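I opened a new structure today and kept notes as I went. Two places got my attention, one after the other.

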Amino acid sequence: MSATMKVAVVLGGTNEERNVSLATGRAVVSALRERGHEVVAVDPAHGAVPPEEEARMLGGAVGADPPGIQDLARLGSSAVGAALADLPAVRRADVVFLALHGEFGEDGTVQGLLDLAGIAYTGSGCLGSAAAFDKRISKELFDYAGVPTPKWTQASAGPREIVEALGLPLVVKPASGGSTVGLSVVRTEAEVKPAMELAARYDDDILCEEFVAGRELTVAVLDGEPLPPVEIIPSHEIYDYECKYSEGLSRYEAPANLSDAQTARLQDLAVLAYEALRQDSYSRVDFRMAEDGSFSCLEANSLPGLTATSLVPKAAAAAGIGFPELCERIARSAMRQAGGVDRG
């Protein structure tokens with residue numbers, strides 16, 4: 001029988017993806033306890049969560065919209081912040097399971113703090129996290145590695161230049177972040193500026209890229225090996241925040257209905273993207289498949305969601321891996337890496 005682990009699940013935080021992170025964290029806490037491990041929940045906004053307070057502090061649905069600025073302001077700045085690695089619950093853990101999303105969670109910051117403290121943690125290292133979080137850098141690395149990705153413009157381009165370079169419709173989004181927060185699909189030149197203003201609320205760097213019509217597909221990569229592709233069929237034009245986290249607004253096919261050749265090609269591209277961005281342990285790579293059968297890589301997620309509607313658990317289930325086993329494998333992978341592998 002495998003040894004019991006002491007795991008600190010870090011979840012929540014103070015950014016617009018807080019609710020998603022809480023949902024991921026709740027699921028992971030439950031799954032690891034089901035496997036017999038000693039688990040404590042830690043919220044960077046509050047510190048360790050007492051077991052008797054978990055239902056109150058970690059409960060609630062993700063919701064159709066991300067939390068507003070006022071809701072986040074009430075939490076204050078991260079009360080723990082840089083002191084996260086000094087918390088007794090974190091120090092005592094064999095491994096930290098990062099269930100954070102967005103800034104501070106996926107951008108390499110918390111990874112750097114834990115590296116300096118010599119604490120094992122799940123997901124990619126500081127460099128891989130930062131590369132995947134910045135979609136502009138990701139696209140540059142995809143291009144260099146030969147991973148097809150939609151055309152994009154420089155940050156300094158204006159609306160007219162953007163439309164001339166990319167055509168219409170096109171996508172405007174923050175260069176950093178996730179869960180499609182701040183993303184718009186624009187169909188006229190007049191819509192570009194308002195879409196850029198929306199994206200600028202979440203990041204100073206605004207990424208504009210061509211809109212690729214077609215099927216929405218994703219491939220999870222676990223310890224360097226691709227899992228079966230999953231197709232997402234959202235009820236909206238794109239797989240937006242509401243479709244991602246509201247039950248019944250999207251359908252999923254796991255595995256995706258693709259030919260053997262298409263599946264192999266998609267999985268090969270996912271692993272190539274995973275390696276180009278220096279991902280570790282597990283990651284999820286998102287694609288569009290155009291009508292001509294070509295694939296375009298949209299982004300990679302270094303800490304993909306593990307909620308009830310999330311894609312990595314669906315891919316794992318299609319490979320015969322249950323959710324509690326998946327969480328345990330991720331945690332044990334982190335411990336192995338910390339034991340002798342440079343996470344840099």
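**Entry 1: a helix and its neighbours**

I am working with a predicted model. I began with the packing of helix α6 and asked what its buried residues pack against. I found α5 (109-117), α7 (135-145) and β13 (295-301).

Next I looked up which residues of α6 are buried. Helix α6 covers residues 126-133. Gly-128, Ser-129, Ala-131, Ala-132 and Phe-133 are the buried ones.

**Entry 2: α6 against α7**

I then took up the pair α6 and α7. How do their axes cross? They come within 5 Å and cross at roughly 100°. I count angles of 65 to 115 degrees as roughly perpendicular, so α6 is roughly perpendicular to α7.

I listed the residues that meet there. From α6 come Ala-131, Ala-132 and Phe-133. From α7 come Lys-135, Ile-137, Ser-138 and Leu-141. I sorted this contact by class and got five nonpolar residues, one polar and one charged. Ala-131, Ala-132 and Phe-133 thus appear in my notes twice: they are buried, and they meet α7.

**Entry 3: a sheet of four strands**

I moved on to a sheet. What is the order of its strands? I read β3-β2-β1-β4. The sheet is open, and its pairing is mixed.

I checked which strands stand at the edges. They are β3 (47-49) and β4 (95-98). Each has a single partner strand, so one side of each is left without a neighbour in the sheet. I also noted the turn between neighbouring strands: 35° on average, direction ignored.

**Entry 4: β1 to β2**

I followed the pairing inside the sheet. Strand β1 (residues 6-10) pairs with β2 in the parallel sense, over five bridges. One pair I looked up is Val-10, whose bridge partner in β2 is Val-42.

How does the chain cross from β1 to β2? It goes through helix α1 (residues 18-34). This β-α-β crossover is right-handed.

**Entry 5: β2 to β3**

Strand β2 spans residues 38-43. I found three bridges joining β2 to β3, and these two strands run antiparallel. They form a hairpin with three residues between them.

I wrote down two opposite pairs. Asp-43 stands opposite Gly-47 in β3. Val-42 stands opposite Ala-48 in β3. Val-42 therefore links my last two entries, for I had already noted Val-42 as the bridge partner of Val-10.

Technical notes: Residues are numbered from 1 along each chain as its sequence is written. This is a predicted model: local features need pLDDT of at least 70, side-chain atom pairs count only at pLDDT 80 or more; totals for chains, interfaces and linings use all residues. Side-chain values use heavy atoms; hydrogens and water are left out. Buried means under 20% relative accessible area, exposed over 50%, partly exposed in between (1.4 Å probe, protein chains only). Contact means heavy atoms within 4.5 Å. Axes are lines fitted to C-alpha atoms, for helices over the stretch in contact, and angles run from 0 to 180 degrees between N-to-C directions. Angles under 35 degrees count as roughly parallel, over 145 as roughly antiparallel, 65 to 115 as roughly perpendicular and the rest as oblique. Ala, Val, Leu, Ile, Met, Phe, Trp, Tyr, Cys and Pro count as nonpolar, Asp, Glu, Lys and Arg as charged, and the others, Gly among them, as polar. Two strands pair if DSSP finds at least two bridges between them. A crossover is right-handed if, with the strands pointing away from the viewer, the path from the first strand over the helix to the second runs clockwise.
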